[in-house]
Every structure is written in structure tokens, then in C-alpha cells.
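Colleague: Could you pick the packing of helices on a sheet and take me through it closely? I'd like to see how that part sits with everything else, so feel free to wander outwards from there.

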Amino acid sequence: MKRCGWLMVALVPFVLFGGCGPKPGTPDTGGKKKLTVCMLPKKKGVPYFTSCAQGAEEAAKELGNVELIYDGPTDGAAEKSASMIEKWTLQGVDVIAVSPNDPEVVSPAMRKAREKGIKVITWDADGATDAREFFVNQATAQEIGYGLVDTMAKDLGGAEPEGEVAIITATLTAANQNAWIKFMKERMAKYPKMKLVALQPSSEDQKLAFQVAQDLMKAHPNLKGIFGISSVAFPGAAEAVKQAGKSGKVLVTGLATPNDMKAYVKDGTVKSVILWNTPDLGYLTVRVAHDLATGALKPGATSIQVGRLGEKKIEGDNVLLGKLLVFTKENIDQYDF
Amino acid sequence: MTVSFRNLAARRETGVAVLLGLTVAVVAGLNPAFVSGANIRDMLVQCAPAAIVGCGLTFVLLTGEIDISLGSMMGFLAAVMGLATSSQYGNLPAPAGIAITLAAGTAIGLLNGVLVSVGRVPSIIVTLGMLTALRGLTELIMGGKWISGIPPGLRYLGTGTVIGVPISIWVAAVTVVLAWLFARETPAGRRIYALGSNPKAAVLAGLSPTRIKLFVFALTGFLVAVATLVGTTQLSVIESGIGVGFEMVVVTSVVVGGASINGGKGTILGMLLGVILLGIVRTVLIFLNLGETSVYWERAIQGAFILVAVLMDHLASRRKSAEVPT
Amino acid sequence: MKALFRRYPHEWILVGLLTGLLLAAWRLDPPFVSVGTQAELSTHIWEMALLTVPMTLIIITAGIDLSVGATMALCAVVLGMTFERGTPVAVASLLAILTGLACGFLNGVFVAKVRVHPLIVTLATMSAYRGIAEGLSLAKPVSGFPASFAFIGRGEWHGISVPGLIVALAMLAAWVVLNRSVLGRFLFAIGHNETASRFSGVPVDRIKLLLYSLAGTSAGLAAVMFVSRRNTAKADIATGMELDVVTAVVLGGASLFGGRGRIVGTLLGVLLIHETREYVSWRWQNDELILVVIGALLIVSVLVNTLLTRRQAVS
Amino acid sequence: MNTPFLDINNISKTFGGVRALTNVSLSIESGEIHGLCGENGAGKSTLIKVLGGSVRPETGSVTINGQPLPLGSVPASEEAGIAIIHQESAAFPHLDTYDNVFVGREIRRFGGVVLDRARMKTETATLLARLEQRFDPRTPVGDLQPAQRQMVAIARALSRNCRLMVMDEPTASLSTRETGVLFRIIRQLKADGVSVIYVSHRLEEVFELADRVTVLRDGRKVDTVPTNAIDRAGLIRLMVGRDVSDARTREPSVRAGVVLDVDGLTRADAFTGISFQVRAGEVVALTGLVGAGRSEVARAIFGVDGRDSGTVTVNGRTLIPADIQAAVQAGIALVPEDRQRSGLAAPMSVKANLSLAVLKSLARVGIISDAKEDALAVSMMNRMAIKAENTEVAAETLSGGNQQKVVLGKWLAASPRVLILDEPTRGIDVGAKAEVYDLIGKLADGGTAILLISSELPEVLRLSDRIIVMRSGRISGELPREEATQERILSLAMPEGAA
């Protein structure tokens with residue numbers, strides 16, 4: 001009985017490594033050299049990132065020699081992102097484009113990839129600057145944080161916008177959101193009569209965001225505005241306001257893809273939705289990845305030609321997508337993502 | 001003699017009811033808005049899905065089995081419902097969507113039941129596997145997009161009211177009452193208790209464990225579908241994360257309500273009290289408005305609440321014994 | 001051979017699945033089965049593998065600990081916060097492990113002394129510990145640990161991975177305990193019949209206290225390994241870890257009803273889950289698919305086992 | 001001659017390669033009380049399960065009143081008028097008494113959808129009154145005493161107007177008074193023309209009740225004989241296949257020193273002011289009706305339950321309350337009443353069970369010595385004459401008698417100073433019983449102080465040096481062996497005014 005136990009222990013490594021193949025192949029075979037570009041979102045299965053992936057695929061198809069791999073953790077766990085980077089490093093891909101969920105966690109893996117000669121860039125959110133060559137920057141945390149508060153102020157109206165506001169975030173540990181919140185609080189100093197009365201998490205759960213918004217409106221009867229600062233929290237909060245019959249009385253703003261918010265913008269619950277053109281972001285990322293791998297893009301460049309987007313500016317090592325978009329009743333129908 | 005004070009004090013239902021009463025009284029004292037009609041309505045709506053599914057889970061626990069696939073099942077059923085009815089996808093009419101969702105829920109529940117009772121795989125393994133697999137499947141069939149464009153007929157289930165009371169509360173109330181009657185007043189209900197109480201004796205008494213287990217799992221699947229229909233339609237968008245962690249909420253509530261995970265013990269009333277107690281904790285904290293950092297302690301307070309609830313009856317029946325705990 | 005199979009049907013099924021998987025991988029993606037790749041990928045599982053050790057022991061006694069992930073988070077937060085306030089990282093690590101011990105001990109007190117079912121206790125402390133971690137840290141991450149600290153999570157000692165060595169030692173110790181020791185025998189006795197064990201003078205309460213404390217301490221150690229490897233201490237680490245750990249142990253053949261479980265099985269369970277996850281990810285680059293495969297794997301492996309053993313009993 | 005009421009024909013059944021029944025045939029007249037005897041494992045329970053429909057035999061047939069009975073279906077058997085009182089505890093502890101009585105064939109109303117609780121309650125109350133039980137039909141069965149639980153099982157069988165009542169060890173947990181009630185009911189049934197199959201290890205009961213008796217051995221029928229044509233020794237010979245002497249009383253072996261001293265032990269709702277001493281080598285019986293508090297006293301001494309006041313002293317050392325560890329370290333051992341639940345880790349090997357209580361002494365630095373453990377197991381197997389293939393087989397595969405010997409052996413290995421035996425021979429067959437008696441004698445001779453709890457008065461009279469009788473939680477009297485008779489014990493045990 002016990003002997004068999006030992007046998008098993010002895011057997012396992014044999015099974016594990018016994019099959020070490022003598023032919024260490026590389027993924028890229030064949031005549032025409034194909035570039036493998038890996039695109040890592042913070043969380044897979046979210047429309048925001050899926051719409052980025054659409055643009056990325058478009059770029060890959062246009063370029064023809066790009067093999068695009070789009071994969072990321074479905075639960076958004078940063079350590080899984082790091083594991084995926086490590087896996088791609090082993091597979092010897094050409095470019096890894098990372099949207100870091102938690103820069104500290106994924107940076108070591110990114111550095112290791114660079115040591116192996118893989119080009120690493122960041123998109124959507126930046127990582128440690130020494131861990132990547134370029135950052136495809138759609139907006140900084142400061143821009144977003146300030147933008148949110150400014151939009152709310154504009155929507156509240158008046159020279160000195162006033163009222164109680166609340167923030168519904170994703171989770172309390174979400175790195176991005178926490179950065180935005182920091183800048184939002186900073187910006188609120190500019191509007192002394194805008195008072196932040198609550199910050200609540202919604203566990204990346206639309207239902208919970210809905211319930212939290214309901215509770216906030218009751219617990220704070222004077223509530224004038226709600227920031228839904230994750231793409232899950234925003235529609236949940238908007239629905240709560242709408243069902244409470246407070247459309248227009250309690251303003252909701254935040255970040256989300258326009259398709260998910262169209263109904264609320266049209267019925268007046270939401271005046272403004274803030275975001276950037278996400279397919280364009282994906283498109284730009286793949287273009288930058290391609291040019292970096294082919295050598296067309298070198299550090300120090302000040303601009304890049306990107307297909308249908310034309311020329312984009314590069315500031316330092318930041319490739320800039322352009323301005324934030326504010327979707328309103330007037331323009332939201334022009335966007336489909 | 002049988003219903004002595006000590007017995008009453010030692011019953012989990014009593015402890016949970018007392019804790020619930022105290023909590024509501026204290027919060028209402030500090031912030032009367034807590035017991036306003038609107039807030040009570042919202043809290044009940046929040047509790048409705050857990051109460052509906054809790055009925056099924058109570059029966060599963062009574063037979064000595066467990067189902068922890070509930071959350072992923074709900075996510076999957078929501079996706080099925082959305083894909084069938086959304087104007088961007090299947091575009092089926094609402095009644096067809098309802099029928100498909102209920103059928104899919106029952107079928108998944110039945111599959112759990114078949115694997116447990118015919119395949120003889122322990123239910124915790126079957127449903128742990130399902131919890132993982134169905135979540136992945138949901139992500140796959142939704143393809144990274146959320147589903148909007150749910151027909152108004154379905155949205156009505158989540159947003160409509162009848163005589164001023166939201167439909168989800170009606171559905172939950174009817175389910176709970178039916179389950180309560182079923183458990184207490186029908187032969188089948190008694191047999192579920194009997195099976196969990198002593199499986200060997202149940203066979204000798206001519207009961208069929210296979211059939212009973214198939215039934216409770218299928219029923220649970222059906223009720224998850226019901227909860228999906230009235231719960232997820234409250235919102236305009238169906239996302240792939242629907243139901244994440246829902247299984248923990250329901251299992252915890254039912255267990256806090258006094259059901260034994262060894263089978264044979266548990267009541268619908270206890271389940272309902274457990275669901276409400278745990279369901280209102282978050283709202284309570286918002287209404288107490290303890291300041292900015294309090295939100296970070298929310299989960300700790302929730303955990304403490306659960307501990308207090310399950311410890312109350314243990315403290316009431318303080319006597320030590322070598323028997324295995326239930 | 002047949003006798004061996006009869007004795008360990010489940011282990012053989014796992015070995016069969018693992019071999020099949022690796023052979024398929026070897027045919028389709030040879031680089032996947034190279035030593036270098038495997039060594040690199042193995043870094044992903046050490047914390048989980050470490051936690052399966054106490055979990056196996058606990059499950060043998062018909063208990064369960066769902067709070068290990070939350071305990072890890074709390075320990076990581078303690079590590080991060082004490083380090084941030086100037087404590088040397090070694091001392092901070094020790095404090096983190098002690099925190100784990102305290103968490104586990106508290107679980108043990110509720111399970112052994114107050115006699116609440118472990119599932120309920122740890123379901124409650126799962127929320128509580130995670131909540132305390134969030135509350136203490138206000139959900140802020142801590143990073144910037146010294147490079148030397150990475151030794152525990154990423155380092156090598158004479159070419160052997162340090163965390164791998166820790167896990168191997170833990171598994172070996174558990175193997176000795178389960179197969180050779182008085183304590184191990186007591187664990188099985190408790191799992192088979194707790195009342196009879198008490199009546200036979202087995203110190204059931206003390207053993208349970210020990211087991212849950214051990215699980216907490218291991219979670220503390222796992223947290224140190226994690227923080228060291230990923231260089232970040234945060235309240236949301238190891239979310240869902242408890243289910244991964246339980247899945248691996250159960251896949252390894254342990255019975256949640258107690259009395260059954262082997263460390264070799266657990267090791268195979270960990271390896272099978274790990275290899276499956278990594279290979280599916282390697283070949284199909286699809287995170288959703290992994291969930292489906294792992295879930296199906298869990299059900300099918302146990303189903304095959306029950307079907308095989310039942311046929312055997314009939315013939 | 002007319003066809004018999006029940007005709008069992010050539011029944012055979014195997015379980016996983018083991019033949020449980022081989023070509024068993026048996027016929028029973030209506031209104032007959034038919035004894036069924038045999039050692040454990042002889043096939044009685046399987047035969048009963050075949051009749052009840054929970055086991056389907058491979059071959060053979062059963063007819064009732066000439067009608068073939070569909071085999072392997074519980075409802076079909078019930079339909080045919082067969083009611084069974086099973087040996088294993090077939091109660092549902094979480095359900096109320098009346099639910100227990102009616103599970104599987106509940107009384108319904110409103111077209112069969114809803115339970116008719118009122119009728120179930122009143123019918124249960126009537127049945128309980130007939131069985132002279134005074135508890136509320138709403139009491140959960142888990143809260144009842146074992147004897148009351150058995151009465152519920154009997155009530156369940158009686159609740160149907162059956163034509164054949166099968167009773168498997170119905171008196172195992174009953175006291176003398178309750179047994180009397182049961183016998184009266186059995187005779188009533190007979191007078192009503194109901195046939196009864198009566199299975200018991202208590203042969204005197206078989207002789208008292210049965211018209212004929214059938215003996216099974218190793219799954220085969222040995223013989224069917226009228227009870228007036230055979231004596232006890234003859235019946236035992238048929239069952240065992242050899243002669244077993246069972247009438248020898250043991251020589252007293254009492255020594256001087258008091259080993260166990262129980263003083264003023266009180267636990268609310270269970271017992272009050274219990275004081276007695278047991279000396280080395282002495283066998284003291286603690287007897288009384290079921291529910292008098294005997295087992296509770298034993299549990300309190302052993303530290304299973306707490307106590308409200310009083311002390312327990314072993315060899316001058318006072319024990320901490322509610323601490324089994326302390327009791328075991330002080331040298332107390334308890335062989336509990338409920339073997340399956342509290343005595344054995346049934347799925348573990350015989351060896352592991354035998355060594356469990358002394359494992360630490362077989363180990364160095366916590367590592368068990370295989371050699372020492374094997375030696376212990378083998379020597380215990382031999383000493384206790386445990387019949388098992390080897391020491392590695394699971395304890396649950398053994399017969400009840402051998403399981404009990406394993407439990408006893410576990411404690412013998414620990415050589416306790418005080419051995420508490422709670423119903424040590426319940427459900428054990430004749431052969432094994434004699435062996436257990438021998439062992440108890442040998443232990444006492446070796447100087448162990450023994451506290452014996454038993455409802456079987458012949459056993460008490462045979463084994464003990466002194467008899468302490470309890471009545472509703474108090475000691476009602478003490479008899480030295482020379483003065484003890486069944487009548488005197490009973491008069492002390494019966495509630496005042498009842499006897």
C-alpha cells in the first residue's frame with residue numbers, strides 16, 4: 001500500500017517531463033513571417049474591452065500579417081494577467097499589449113518578457129514605465145477624474161453647481177477606479193458646494209449597483225448626482241434612478257460604452273456619458289504593436305501613421321488617441337460600439 | 001414538554017428572528033426612513049431572488065445534498081433568456097422566452113439530479129463542477145458582449161407592479177407560501193424530510209431516494225429560472241457576471257436560517273428569516289451612514305452578523321455533548 | 001497491476017488523464033512539455049498547492065475551510081501594512097504568518113469548542129477576514145518590497161525553486177503524518193466516526209484546533225509567498241482560492257464526507273488542474289474555456305470512478 | 001390439506017459474491033406465530049427484507065393466500081398486507097412521531113394532495129395508548145428514548161391492517177414491562193388471525209410466543225420444528241451446529257480496593273444524587289427500566305456529558321467533568337450502547353479499530369510502529385476469537401457479535417481500571433454472547449472494576465456481584481447477588497404503585 005504511494009510520487013515527474021520533445025519549435029513557421037500580437041484586457045467578457053478587440057481585429061485584418069490573440073482573465077484577477085504574460089513569453093510571441101489591472105503585479109512579468117526580446121506596450125492603462133516601450137494613451141486618470149466631475153458640474157448647471165453626490169465604484173480594490181476617485185476628489189475642491197456624501201462598491205455587479213443606487217437615494221434624500229464609474233455600475237445606477245422616477249432630478253454620469261447607455265441618454269436619465277472611441281483604441285494599439293515589431297516605430301518618434309485614423313501624435317513614449325468623447329442625446333446615435 | 005422555553009430558545013429561527021427584529025428596531029430608531037414603505041419594498045425586492053431559490057435549496061439540503069451551482073446557473077439562464085428574446089439576437093416573444101428559460105433551468109437542475117442520484121457523484125462535486133463550467137459557458141455564449149433590447153413583456157416581470165406591489169415580491173411570496181405548504185402539509189414534503197433524516201429507513205419505508213433527489217434538484221433548477229425571470233429583468237442589460245457569488249448568499253442564508261447541511265432539518269420560515277437578515281445588512285449600513293471608511297468594513301460586519309446569527313442558538317443550548325454537531 | 005488498480009482506482013484515473021493530456025500536448029505543442037516551460041509555468045500554483053495540504057487533512061476529518069483565500073488576503077495586508085510602517089520585511093512576514101495562525105485558531109475554536117459546523121464557521125469568517133483586510137488597508141495596495149524578499153516566492157536554492165521546495169516539504173510531511181503517524185490515524189478515525197473517536201479517547205477537539213490553525217498558518221505562509229512573488233500586498237488577492245483548493249483536493253479523491261483522502265491523490269489533483277488549465281490556455285488562448293474544461297473534468301473524473309468501482313463491486 | 005397462508009419458495013440472494021440466502025423455503029399458517037432463529041449473518045434480516053420488498057432475490061417465489069407476491073417492491077409487499085418492524089433503527093429522528101408512523105402511506109385529504117394531520121395524530125395517539133405509551137404524538141422521534149422509538153416502530157407496523165407482521169428483534173431495546181405489552185399485542189394479533197414472524201436472539205421469548213420455529217444457518221434453512229418438540233439446548237444446537245454451554249455463573253472475584261467512587265452525581269432532567277462504589281474485580285450491575293437514567297449516568301461518569309454536581313473518583317483521583325480525555329487517562333473505558341454510532345469507526349480496518357485507544361503507546365515520536373500494531377491486532381483477534389479474514393478488513397464487514405468483540409478488544413488493549421459496559425450483548429447471537437460473558441468474567445478476574453448496564457435480567461443475575469437498581473433518575477435499591485431475583489429487581493425498578 002505504502003510502496004504504491006511512493007511509486008506514484010516517483011511516477012509523476014516522469015510523466016511530467018518524460019515527454020520533453022526533442023523538437024523545440026517556434027510558433028511562427030512558414031514562408032511569410034507572421035507577427036503574433038497578444039492583447040491583454042483587464043477583464044475579458046466586458047463590452048468595453050470587447051469593443052476594443054473589434055477595432056484590434058479590424059487592424060489585424062487590414063495589416064494581413066498580424067496574428068491577433070485576444071485573451072484575459074474573465075474574473076479580472078491581476079495575478080492571472082501576470083500568468084498570461086508569462087505564458088506568452090514562453091510561447092515566444094512578438095508583441096504583448098497589456099492593459100494592466102494592477103501595475104505592480106504585472107510589471108515584473110512584463111519586464112521578463114522584454115528581457116526575452118518581446119516588445120511590450122501598454123494600452124488603456126499604463127504600467128511601470130520601464131516595463132514597456134510605449135503606452136497607447138486614450139486618457140490619463142487625471143483627465144478622466146477631472147472630466148467626470150466637470151461633466152457633473154456642467155449637468156447640475158449654474159455658476160456654482162451645488163448638491164450632494166455619491167460615487168458607485170467597481171470594487172474597493174480596483175486600481176483604476178481608485179486612481180480616478182483620487183483625482184475626482186481633487187477636482188471637487190473646485191466646486192465647494194458639490195458635496196461627496198458616499199462612496200459605495202458594487203462588486204462588478206450591475207444588480208448590486210442598482211440596489212446601492214436605490215439605497216443611496218433613500219438614505220440621502222437630497223442626493224443630486226451619482227457617478228457610476230465602472231461600465232457595470234453606470235447602467236445599474238441609471239436604471240435605479242429611472243425606476244425611482246427621478247430621471248432628471250438625480251443625475252447620473254460615468255464611463256460606459258454608448259450602446260449600453262443609449263436608452264438612458266434618450267429618456268433623459270443620463271445627460272452625458274464619458275468615454276473615448278474604444279474600437280479606435282484597439283485599432284491604434286494593434287497598429288502601434290505592428291510598427292514596433294517591424295521596426296517602423298522607434299523610441300523617440302513624435303508621430304505615427306495609423307491607417308484610417310491618419311496621423312497620431314506621440315508625446316514622449318505616450319501614443320495619444322485624442323480627446324475624451326462626451327456622448328449626449330445629440331451625438332450618441334453616431335456611435336455603434 | 002416538547003415546546004418548552006429552552007427548546008424555543010435553542011431554535012435557530014428564534015435567534016435569527018430576534019436578531020432581525022433588533023436590527024430593524026435599532027436602525028429605524030436612528031433613521032426612520034429605513035422603515036418607510038419604499039425602503040421596505042426595495043429591500044424585499046432585493047431579497048426576492050434569494051428567497052425563491054432558497055425554497056429549492058432548503059429541500060435539497062433537507063435530503064442531505066447541496067447545490068452550489070446556483071449562481072452560475074442564474075448567469076447562464078439569464079444569458080439564455082437574453083439571447084432568446086433580445087431584439088438583437090433571437091427576438092422571440094416574451095412568453096416563449098419565459099418557457100425556454102424555465103425549461104432550461106429545469107433541465108440543468110435535472111442534470112444535477114441525474115449525476116447525483118443515478119451517477120452517484122456527491123452533490124457538492126457535481127455542483128462545484130457546474131458552478132465552474134456554467135460560468136465559462138455563459139461567457140462563451142455571450143461572446144464578451146452584454147445583451148440589451150429585452151422585450152418589454154419580460155422587463156415587466158422585473159419592473160411591473162400589481163396592486164402597488166412589485167411582481168418579484170408577489171412571485172417570491174407565492175413561492176414561499178407554496179413551499180411552506182408543500183413542506184408541511186403534503187406527503188411528498190414529509191418524504192423529503194424523511195429521506196434526509198434517515199436514508200436507510202426511507203428505503204425500507206418504500207420511498208425512492210432517486211426520484212426524490214431528481215425532484216428536488218429539478219425543482220431548484222426551475223426556481224433558479226423563476227428567480228432569473230423576475231430578478232434579472234429588473235435591469236435593462238444582461239451581463240455575463242449575473243449571479244456571481246449568488247450561491248454563497250443563498251447557502252449562507254439557508255444555513256443561518258437553521259437548516260442542517262446533514263439533512264433532515266430546516267424550515268422554509270427559517271430560510272426566509274435568514275434571507276431577509278443577510279439581505280438587509282448592506283442597506284442597514286448605508287442607512288446608518290457611519291462615515292467614509294465604514295464602507296471598507298462592510299464585509300467584515302456582514303461576516304460578524306453571520307457568526308452572531310449561527311452562534312445564538314449554540315449559546316442558548318450551551319450544554320456540551322460529544323455528539324457530532326449539525 | 002490489477003490489484004494496484006483496484007486499490008487506487010482514482011489515482012490511476014488521474015494518472016491516465018494527466019498522461020493523456022501531456023501526450024496530446026507533446027504531439028500538438030512540443031514546447032509546452034519542455035522542462036523549461038513546465039518549470040516556468042509551475043510558479044503559478046505554489047500557493048494553491050501549499051493550501052491543498054492542510055485542506056486534505058481537514059477534509060479527511062469531514063471538515064472544510066472556506067476561509068483560506070480570505071485569510072491569505074488578511075495576512076498579505078498585515079504584511080504590507082507593517083512593512084509600510086517600517087518593519088523589516090522578515091518581521092513583517094512573521095507577523096503575517098502569525099496573523100494566519102490567529103485566523104485559523106479562531107476558526108478552530110468555533111469548530112472544536114463551540115461546535116458549529118465548519119462549513120458555516122468558515123463561510124462566515126470568509127466574509128469577515130476579507131472584510132477586515134479591506135477595512136484595515138482601506139483597499140490600498142502596498143508594493144516596493146526589497147529585491148531580497150523575492151527569494152521566498154521566486155528564488156532558487158541550488159537550482160530548486162524555493163516555493164516548490166516549501167510545497168514539497170509540506171506534502172512530504174503530510175504524507176508521513178497520514179500514512180505513518182498516530183495523528184494521521186486519528187484524522188481518519190474522526191472522519192469515519194467522530195463520536196466513536198471521542199469515545200475512544202481521541203483528543204478530537206485539540207486535533208481540530210490544530211488542523212484549522214495549521215490551515216491558517218499555511219494561508220499566512222502562502223500569503224508571504226504570493227506577496228514575494230507578485231511584489232504587491234492587497235486585500236483582493238486570492239479571491240476564489242478556497243474553491244480552487246477544494247476542487248483540487250476533491251479531484252484528488254478525498255471525500256467531503258470524511259475518512260477518505262490521500263496526499264498522492266491531492267498532488268495528482270493539483271497537477272491535473274494545473275496542467276489542464278495551462279494547456280487549454282496555451283493552445284486555445286481562451287480563459288472561458290478553461291472554466292468549462294475544469295468543471296467538466298471534476299464531474300467526469302469522479303463519475304468515471306464511481307462507475308468503475310460500482311462495476312467492480314457487481315462482478 | 002389447504003394451502004398455507006404464506007409460502008416462501010426456494011429464495012436465493014447473493015450480495016457482491018456472498019450468498020446471503022440459498023434456496024430457502026418456508027410456509028406459515030394464518031394466525032401462526034412463527035419463530036425465526038439463527039446466528040447473526042444466518043440470513044434472517046435478508047429474508048425479512050425480501051418479504052418487505054426492499055431486497056429482490058435472484059430466484060424463488062413467495063405466495064400469499066395462493067396469490068404470487070411481486071418481489072422487490074415495497075409497495076407491493078405493503079399492498080399484500082405485510083408489515084415489518086426492522087431491526088436497524090428505522091426511525092426518522094427529525095420527524096414527529098405521527099409522521100414516523102405514517103411515512104410512505106400518509107393519510108391524505110382533498111383528493112390526496114394534502115396530509116390529514118388531525119387523523120394521523122388521533123390514530124397515532126390510539127396506537128400509542130394501545131402500546132401503553134404516554135408521550136405526545138407530536139414529539140420528534142429524535143427526542144424519544146430508544147424503547148419509545150421501538151414502540152413507534154411497532155405502532156407503525158400496527159397502523160396498517162396487515163395479515164403478516166414481521167418483527168426483527170423487536171425487544172432488543174425494550175424493558176421487561178414494555179416487552180410484556182408487546183407480547184400481549186402479539187397474542188391479540190394471533191387471535192385476530194394475523195400471522196407473525198418473530199425474530200429474536202432471546203430464545204426464551206421464542207419459546208414463550210411461537211408455535212413453530214425455523215432455524216437458518218449460513219443462509220440455508222436447517223429445520224422447522226414445533227416449539228413444544230424442542231428444548232433450548234436443542235434449538236441452540238440447531239443454530240450453532242454444536243453445543244454451547246450458557247448456564248454457568250461466574251465465581252466472584254471481588255478484591256479490596258475501591259476503584260470507582262461516584263458520589264452525589266446529579267444532572268438536571270436525567271438523574272439525581274447517584275452514589276456508589278465499584279471495587280477492583282467487582283462486577284456491579286446498574287439496571288432499571290429503559291429511561292431510568294442508567295446510560296446517562298454512564299455517560300456522565302465517562303465525561304461524555306457534563307454534570308451539575310457530584311464527583312467521580314478513580315483510584316483516588318477526581319475527574320474533571322465533561323472531559324472524555326481525562327476519564328480515559330484515569331483508566332475508564334466505555335463500551336457504548338450504540339455500537340455503530342459511538343463504538344466503531346466502521347469503515348476502518350479491524351486493526352485500526354483495535355489499536356485506536358492505545359495508539360500512542362504503539363508509537364515513537366508520533367510514528368506508529370507497524371510491527372507493534374500488527375502484533376497487538378493479531379493477539380487481540382486471537383484472544384477475543386474475532387472471526388475475520390484478517391486484520392485489514394473493514395470492521396463494518398463483520399457480524400454484529402464480532403463488531404462488538406472488536407469494540408471490547410479495543411478497550412481490553414488499554415487494560416482499563418474501570419470498564420463500563422452499556423448493553424454489551426444487545427443484538428448479539430447466542431454463541432457470541434457466551435464469549436462476551438466469558439470475557440467479562442476474565443476481565444473481572446484480572447482486577448478490572450466493571451459497571452454493567454443491562455436490561456436483560458438473566459444476564460444481570462448471571463454476571464454481577466452486586467445489583468444497583470435505578471428508578472426515574474434515582475437509585476431505588478441495591479441487592480447483593482445472593483438476594484437478587486428477577487422479581488425483586490423488578491419491584492425496585494417499577495414506578496411506585498405500578499408494580
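Modeller: One convention before we start: angles run from 0 to 180 degrees between N-to-C directions, with axes fitted to C-alpha atoms and, for helices, over the stretch in contact. And bear in mind that this is a predicted model.

Let's start in chain A. There, six strands make an open sheet with mixed pairing, in the order β7-β6-β8-β9-β10-β14. The edges are β7 (194-201) and β14 (325-327) of chain A; each has a single partner strand, so one side of each has no neighbour in the sheet. On average, and ignoring direction, neighbouring strands are turned by 20 degrees against each other. For one of the pairings, look at β8 (residues 223-228) and β9 (residues 251-255) of chain A, which run parallel and share four bridges. A:Gly225 has A:Leu251 as its bridge partner in β9(A).

Now the helices. Helix α5 (residues 141-156) of chain A lies across β6 (163-169), β7, β8, β9, β10 (270-275) and β14 of chain A, and runs at about 155 degrees to β9(A). Helix α7 (residues 206-219) of chain A lies across β6, β7 and β8 of that chain, at about 160 degrees to β8(A).

Chain D has a sheet to set beside it. This one is also open, with six strands in the order β18-β21-β22-β15-β23-β24 and mixed pairing. Its edges are β18 (332-335) and β24 (474-480) of chain D; a single partner strand apiece means that one side of each is left without a neighbour in the sheet. The twist from one strand to the next averages 20 degrees. Helix α15 (residues 430-445) of chain D packs on this sheet, touching β15 (283-288), β21 (418-422) and β22 (449-453) of chain D, and its direction makes about 150 degrees with that of β22(D). Helix α17 (residues 486-493) of chain D packs there too, touching β15, β23 and β24 of chain D, but at about 30 degrees to the direction of β23(D).

The edge of that sheet deserves a zoom. β23 (residues 466-471) of chain D pairs with β24(D) in the antiparallel sense over six bridges. In β24(D), D:Ile467 has D:Leu479 as its bridge partner, and D:Met470 has D:Ile475. β23(D) and β24(D) form a hairpin with two residues between them, and D:Ser472 in the turn has a positive phi of about 30 degrees.

What about the chains carrying these sheets? Chains A and D do not touch, and their nearest C-alpha atoms are 12 Å apart. Chain D does touch chain B: that contact takes 29 residues from chain D and 23 residues from chain B. On the chain B side, α9 (187-197) and α10 (199-204) each supply at least two residues. The largest share, six residues, comes from α9(B). By class, that side of chain B has nine nonpolar, seven polar and seven charged residues.

Of the five pairs of chains that touch, B and C have the most contacts. Here 38 residues come from chain C and 41 residues from chain B. In chain C, α7 (118-137), α11 (194-199), α13 (241-251) and α15 (287-314) each bring at least two residues to the side touching chain B. α15(C) gives the largest share of that side, 13 residues. Its makeup is 23 nonpolar, nine polar and six charged residues.

One residue of α13(C) to click on is C:Asp244. C:Asp244 counts as buried because 22 other C-beta atoms lie within 10 Å.

Finally, the nonpolar interior. The largest nonpolar core has 444 residues, and C:Met72, C:Ala76 and D:Ile420 touch the most other members. Leaving out residues up to four places away in sequence, C:Met72 touches C:Ala219, C:Ala222, C:Ala223, C:Phe226, C:Ile237, C:Ala238 and C:Met241. Apart from the largest core lies another, of 54 residues, with A:Val95, A:Val105, A:Trp123 and A:Leu297 among them.

For chain C overall, there are 15 helices and four strands, and 65% of its 315 residues are buried. Its radius of gyration of 20 Å agrees with the value near 20 Å for a compact globule of 315 residues.

Definitions and conventions. Residues numbered from 1 in each chain as written. Chains lettered and ligands numbered in written order. Predicted model: local features only at pLDDT ≥ 70, side-chain atom pairs only at ≥ 80, totals over all residues. Pairing = 2+ DSSP bridges. Contact = placed C-beta atoms within 7 Å. Nonpolar A, V, L, I, M, F, W, Y, C, P; charged D, E, K, R; others polar. Core = buried A, V, L, I, M, F, W, Y, C linked by C-beta atoms within 7 Å. Buried ≥ 20, exposed ≤ 12 C-beta atoms within 10 Å, placed from the backbone. Rg over C-alpha atoms; globule rule 2.2 N^0.38 Å.
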